[in-house]
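User: Hey, can you walk me through this protein model? I'm new to this, so plain words please.

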Amino acid sequence: MEDKIQYHTVQINGLNIFYREAGAPGSPVVLLLHGFPTSSHMYRQLIPALADQYHVIAPDYPGFGYSSAPDHDQFRYSFEHFSQLIEELLAQLNIQTFYMYLMDYGAPVGFRIASRHPERIRGLIIQNGNAYDEGLEEFWNRIKAYWEDPANPDKREALRWLTSIEATKWQYTHGLDDASLISPDTYTLDQALLDRPGNQEIQLDLFLDYGSNPPLYPAWQQYFRNAQPPTLIVWGQGDHIFPENGAHPYQRDLPHAELHLLKGAGHFALESHGPEIVQYIRAFLERQ
């Protein structure tokens with residue numbers, strides 16, 4: 001039964017926080033932090049693939065998946081806030097040390113936790129998640145324009161297309177050699193949750209708050225240099241959002257990091273290259 005996924009909801013600071021869990025308590029913990037516009041659903045196949053040896057936890061941030069999504073006027077949607085809520089979840093589950101799988105939004109959430117508590121991090125698995133200026137290329141130009149002029153409603157409206165079904169499907173299929181490997185369940189579920197009343201405003205707030213991350217890159221890089229956490233990097237080479245140029249700089253600060261560029265994979269590399277990524281993860285964890 002321990003490799004079967006269980007679905008839980010806990011109360012944290014008045015919010016319902018949903019998470020998926022599998023594996024035996026007491027086994028090494030692997031915390032899976034998701035990206036935009038998805039949720040812990042992106043890890044539905046990875047969780048059972050690791051649960052025979054590891055205790056796997058995959059939460060949904062507020063505004064995503066099955067966690068609470070309070071109105072953006074009543075709740076501060078920020079990566080700092082998300083990181084604090086994840087720490088509260090770990091405290092409730094009595095989890096002290098853990099590995100982290102960080103993808104997309106999961107990177108700024110997880111690196112905040114790691115830089116605050118380096119002693120708790122057993123290792124990092126980074127998949128298309130950024131910590132270097134080199135990774136913020138052409139795709140980010142309109143988002144950067146919003147950071148520079150947040151009071152301009154036109155800059156905000158220019159990003160609303162990122163919450164459309166066309167953009168959501170594009171995130172899953174762009175850069176792949178074989179888009180038929182992508183289940184339509186992925187972008188269909190994500191879009192259904194994006195289309196909930198008020199959710200677009202939540203996401204637009206987070207596009208603005210992403211601007212809080214680059215100023216922290218030097219601190220995160222200092223954490224890498226000081227702590228030298230064991231690190232595995234698996235990167236969809238066809239990703240246009242976080243291109244390959246964002247993967248290589250990690251090895252400047254983490255010279256022992258293991259890097260695998262996944263040819264023919266895009267932003268959501270787990271969907272097309274899941275078995276290959278599982279092999280890399282299991283080999284990496286077994287060496288630690």
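**Salt bridges and more**

Analyst: Sure, let's start with the salt bridges: the count comes to 13, where a salt bridge is a side-chain nitrogen of Lys or Arg within 4 Å of a carboxyl oxygen of Asp or Glu. This is a predicted model, in which local features need pLDDT of at least 70, side-chain atom pairs count only at pLDDT 80 or more, and totals for chains, interfaces and linings use all residues. Residues are numbered from 1 along each chain as its sequence is written, and side-chain values use heavy atoms, with hydrogens and water left out.

User: Which residue does Glu 271 meet in a salt bridge?

Analyst: That's Arg 44, at 2.9 Å from N to O. Glu 271 lies in helix H11 (residues 269–287) and Arg 44 in the loop between S3 and helix H1 (46–50), so the pair ties together parts that are 227 residues apart in sequence. Helices (H or I, at least four residues) and strands (E, at least two) are DSSP runs, numbered from the N terminus.

User: Is Glu 271 buried or exposed?

Analyst: Glu 271 counts as buried, because its relative accessibility is 11%. Buried means under 20% relative accessible area, exposed over 50%, and partly exposed in between (1.4 Å probe, protein chains only).

User: And what about Arg 287, buried or exposed?

Analyst: Arg 287 counts as exposed, at 51% relative accessibility. Its side chain meets Glu 258 in a salt bridge, 2.3 Å from N to O.

User: New topic: how many residues of strand S5 are buried?

Analyst: Six of the six (residues 98–103), so S5 is largely enclosed by the rest of the structure. Phe 98, Met 100 and Leu 102 are buried on one side, and Tyr 99, Tyr 101 and Met 103 on the other.

User: Why do they take turns like that?

Analyst: In a regular strand the side chains alternate between the two faces of the sheet.

User: How many bridges join S5 to S6?

Analyst: Six, and these strands run parallel. Two strands pair if DSSP finds at least two bridges between them. One bridge partner pair is Leu 102 with Ile 126 in S6.

User: OK, aromatic rings now. How many pairs?

Analyst: The count comes to 32 aromatic pairs. Rings of Phe, Tyr and Trp (its six-membered ring) pair if their centres lie within 6.5 Å; planes under 30 degrees apart count as stacked, over 60 as edge-to-face and the rest as tilted. Take Phe 79 and Tyr 210: their ring centres are 5.4 Å apart and their planes at 90°, so the pair is edge-to-face.
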